Amino acid sequence: MATSQIETVTTSADKAKLAAAGLLVVGGVAAFYLLGKQDLWLRVIVLLVLLAAAVGAFFTSAQGRELTAFGQDAIKEMRKVVWPTRPEATQMTLYVFAFVVVMALFLWLTDKALEWVIFSLILGWR
């Protein structure tokens, strides 16, 4: 499990960083549209620079550090996974396909049987 325990207390500085990140995202989108008469490459550069600044502001906050620690823990756990070999994966895939075919046949037969019972025997429509 996760070995790094991070206890955070949301401070006003963290709230300001998150607010700044949000404002930078909104500002980047607004600048992209306000610079509508400029070349596209300039608009895209301004948008990317402001978005990068927003990401930087987010990752300096406590929530950003928590997200980074979560990502690192997830990578550690992924390395512990024992992945199936190619023959095992192929075999399990064939099992799944066979089960789907069997279930499709079962549901089709059930549908046709209920159709016959309801329409032919009970209602006498056919």
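**Exercise 1. Place K15 and state whether it is buried or exposed.**

K15 is found in helix α1, residues 12-34. Helices here are DSSP runs of H or I with at least four residues, numbered from the N terminus. The model is predicted: local features need pLDDT of at least 70, side-chain atom pairs count only at pLDDT 80 or more, and totals for chains, interfaces and linings use all residues. Residues are numbered from 1 along each chain as its sequence is written, and side-chain values use heavy atoms, without hydrogens and water. Next, take the accessibility: K15 has 53% relative accessibility, so K15 counts as exposed. The cut-offs are under 20% relative accessible area for buried, over 50% for exposed and partly exposed in between (1.4 Å probe, protein chains only).

**Exercise 2. Check the span of helix α4.**

Helix α4 covers residues 86-122, which is 37 residues. The expected span is 1.5 Å times one less than the number of residues. That gives 54 Å. The end C-alpha atoms are 52 Å apart, which agrees. Just after α4, G124 takes a positive phi of about 65°.

**Exercise 3. Describe the pairing of F32 and Y33, then classify both by accessibility.**

The structure holds three aromatic pairs. F32 and Y33 form one that is edge-to-face, at 5.3 Å centre to centre and 90° between the planes. Rings of Phe, Tyr and Trp (its six-membered ring) pair if their centres lie within 6.5 Å; planes under 30 degrees apart count as stacked, over 60 as edge-to-face and the rest as tilted. F32, at 17% relative accessibility, is buried. Y33, at 62%, is exposed.

Methods:
Helices (H or I, at least four residues) and strands (E, at least two) are DSSP runs, numbered from the N terminus.
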